[in-house]
Amino acid sequence: MSAFWFYVFTLVFFLFDYFILAMGLNIQYGETGILNFAYIGFVALGAYVTGASSLPASAGTGQQYIMGWGLPFPLNLLLGGVAASLLAVFVALIAMRRLRTDYLAVVLISFSLVFYDITNNYVPLFNGADGLYNVPEPLAGIFKLTTNSFVPFFAIVTGLIALIMWWAMSRITKSPLGRTFRAIRDDEGVAAALGKGVFRYQLTSMLIGSFYAGIGGGLLVQFGGSFNTTSWLPAETFVVFAVIIVGGVGNNVGLLVGALLVETLLIHLPAFLPDIPGHPGLIEYIDTIVVGVLLWVMLWFRPQGVVPERIRKTPLALLQGLKSDRSTNEEVPAMSISDGAGVNEEGGVRD
Amino acid sequence: MPALLAENVTAGYGRTPIINDISLSVERGTVTTIIGPNGAGKSTFAKTLVGILRTSTGRIMVEDLDITRMPGHLIPRNGLVYVPQNDNVFKSLSVRENLEVGGFAAKGDTSARMEEILSVFTDLNKAREKRAGFLSGGQQNLLAIARALMVEPKVIVLDEPTAGLSPAYTDVVWNQIERIAQTGTGILVVEQNVERALKHADFVHIFVAGSNHVHGLASEIASLDLPAIFLGRAEAK
C-alpha cells in the first residue's frame, strides 16, 4: 500500500473514532446539557483499560500496569467502555447531585486534572508518563495482517463499530429517553416539576456518553499501539467540543460533519504536511489557531452548527401520521397577538 | 375532602423562613388565587407545595395522601402539578414533544389525552410540530398549562401564568383556567394582578410578609381596603 493510502486510511480511522467520541459528548452536552469538561479523562480511561487488559502480564514487558489479562478484541474494548461508564457513575454521584452548569464544569475540569496527575505520576497503574506501548493489534494474528494492511483493516472495523454505535445512539435520541434528556437540557427545574427524576436521567446520560468515550479511547490505543499522558492533555476535551459545536449540537449527522471538518481536515491532515523550513512544529500551532478561530466564528455566526438539531419524530407522532414538517430547521416566526388582533372567540389565533 | 390542603406550613431557603404558618385549601372545580405585594412569599409557598422547597413545619395533603416529605419528582404522579413562572416550556422541543414529556407521569397511552387537550387549545394544535421556543409568550404559557393537564391532575399550581402578557392574551389564559376548573380540577394561581384575580377566582388569599394575612370569597375580598392590607396597615381577618 502506498503512503498516500496509508495516510487516507489513517484519516478515515480518526474520522470514525472522533465520530464515536463526539456522539458520546453530544449525548451529555448536546442532549442533556451536562458541561462535561472532563470528557477526555473518560476517553483516556477507556484507552488505558483496553490496552492494559489486552497486554500480557506486566512482568518481563518492561512496563508496569494493572490487569495484563491478554483479553482478545472486542472483549478488551467493551471492558474499556464499561470502565469509563463506571468512572462516570462515580463522578456523577460525587459531583452531579448538588452542582449545576458552571460549577459542575469547574469540578469536572478539576477531576480531569487530578486523574491526569495520578496516571502521570503513579507508575504501577498505567506505566506513568511513559504510558502503555506494544498494545497488540486486534485480529492481526487471525487475518495475518502486516503493519501496513492493519491500518485500512482497522479503519474499516472502526467504521463498522461507529455505524453500530450511531444506530444505537439514534435509537436513544429518538426515544422517550432522548426526549427527556432534551427536556432536562432545556430546563431541569421544569422537568423535575413534571415528575422527572433529573439526577437519574443525568446519570444515565453520563453513563451512555462515557461508554462511547471509553470505546473511542479503546480504539485509539489499539490503532496506535501505544497511549500515554501526552495523548490526552485535559485541553483535548475542547477539540471534541469543537467537533460537536462546528458539526451541530444535538444532531448525530452533524457530528460526522464536525469530525470530518475539525478532527480529520484541521487536526490530522496538516499533521502529515512537511514542516515549514526553519520552523518545526509551526504547522501544529497554526492548526490550533485555525480550530480556535473556527470555533469562534461558528459560535458567533452559526451557533447551531453546520447541520442544526432537528425536531425528532417519535414513534407516537409517526403512528399518528403527522405530516413531516419541512420547515423544522427554519426559524418559524412566533405567532403573537397584540391588543386582541387575531384572537378568535375560542381564544385561538386566526390563520 | 379538599383536593389540596396545606396546614401550618413554614418554609424558606436554608434556615431562613420566608413563609410562616400558612394554611390553605383548594377544592376540586374551583379557582383559588394568592395575591400580595412583592416578597410576600407567594411563589415560595407554591414551590413548597410541589416539593421544590422543604417544609420545616406543617403538612401538605393531596386529598388523603400526605406529600409533605415526598421528593418533588414524585408529586405530579400523585395529582399535583406545578407550572412555573416564565421559561416554563422546553423551548427546543416541539409542542407535541412538550405534551409528551408532560404525560410522563401518566399511566398508559397518553396519545388520546394529548389529542383531547389539543382540541381545546386551538393555538397549540395549529403549532403542534413547531418548536415551543418559537411560540409567543402567551402561547408558551398556554402550552405549560396544557402540558400540566396531561397527567389529569387533581390540582394545578400556576405561578403567575399571565405575567408579561398583553391584556388580550391574559383573557385567553384566564378563560382556559376557568374551563379547566369546570372539568373538576382544583386550581391554585399565584397572581400579581389583583383585579384579574378577584374577577376570575372563587377564593382569594392575600399574603403579606410571609403570612396568609386575609382570605375569603373573592366577592368578600373585593370589598376590603386592599392597598391598606398590602401595606400591612389593616388587621388580618
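Which polar atom lies 2.9 Å from the backbone nitrogen of B:Asp21? I looked this up in a predicted model and found that the partner is a polar atom of the side chain of B:Thr10.

**Entry 1: B:Thr10**

I placed B:Thr10 in strand E1 of chain B, which covers residues 4–13. I then asked whether B:Thr10 is buried or exposed. Its relative accessibility is 14%, and because the limit for a buried residue is under 20%, I recorded B:Thr10 as buried. I next listed its contacts, setting aside neighbours within four places in sequence. They are B:Pro17, B:Ile19, B:Asn20 and B:Asp21, together with B:Thr55, B:Ser56 and B:Thr57. B:Asp21 therefore appears in my notes both as a contact of B:Thr10 and as the residue whose backbone nitrogen lies 2.9 Å from a polar side-chain atom of B:Thr10.

**Entry 2: chain A overall**

I counted 13 helices and 0 strands in chain A. Read along the sequence, its pattern is α-α-α-α-α-α-α-α-α-α-α-α-α. Of the 351 residues in chain A, 51% are buried. I also checked the contacts between residues at least 6 apart in sequence, and 74% of these join residues at least 24 apart.

For confidence, I noted a mean pLDDT of 86 for chain A, with 88% of its residues at 70 or more. Over residues 322–351 of chain A, the pLDDT is below 50. I recorded that this stretch nevertheless has 63 contacts in the model beyond near neighbours in sequence.

**Entry 3: A:Asp102**

I located A:Asp102 in helix H4 of chain A, residues 101–121. Its relative accessibility is 53%, and I entered A:Asp102 as exposed because the threshold is over 50%. I also checked A:Asp102 against A:Leu35, which is 67 residues away along the chain. Their C-alpha atoms are separated by 7.6 Å.

**Entry 4: the largest pocket**

I read a volume of about 1,100 Å³ for the largest pocket. Its lining holds 39 residues, and those closest to the centre are A:Glu236, A:Glu263, A:Ile267, A:His268 and A:Glu284. By class, I recorded 23 nonpolar, 10 polar and 6 charged residues in the lining.

Which helix gives the most to this lining? I found that H12(A) does, with 8 residues. Helices of chain A that each supply at least two lining residues include H1 (3–31), H2 (39–54), H6 (147–174) and H9 (198–224). I added H10 (237–247), H11 (252–268) and H12 (282–301) of chain A to that list.

How values were computed. Residues numbered from 1 in each chain as written. Chains lettered and ligands numbered in written order. Predicted model: local features only at pLDDT ≥ 70, side-chain atom pairs only at ≥ 80, totals over all residues. Heavy atoms only, no water. Helix = DSSP H or I, 4+ residues; strand = E, 2+ residues; numbered from the N terminus. Buried < 20%, exposed > 50% of the residue type's maximum accessible area, 1.4 Å probe, protein only. Polar contact = N/O pair within 3.5 Å; in protein donor to acceptor, adjacent residues only side chain to side chain. Contact = heavy atoms within 4.5 Å. 1 Å grid on protein atoms, 1.4 Å probe; cavity = no way out; pocket = protein on both sides within 12 Å on 5 of 7 lines; lining within 4 Å. Points joined across faces, edges and corners; volume = space filled by probe spheres on them. Nonpolar A, V, L, I, M, F, W, Y, C, P; charged D, E, K, R; others polar. pLDDT = per-residue confidence, 0-100.
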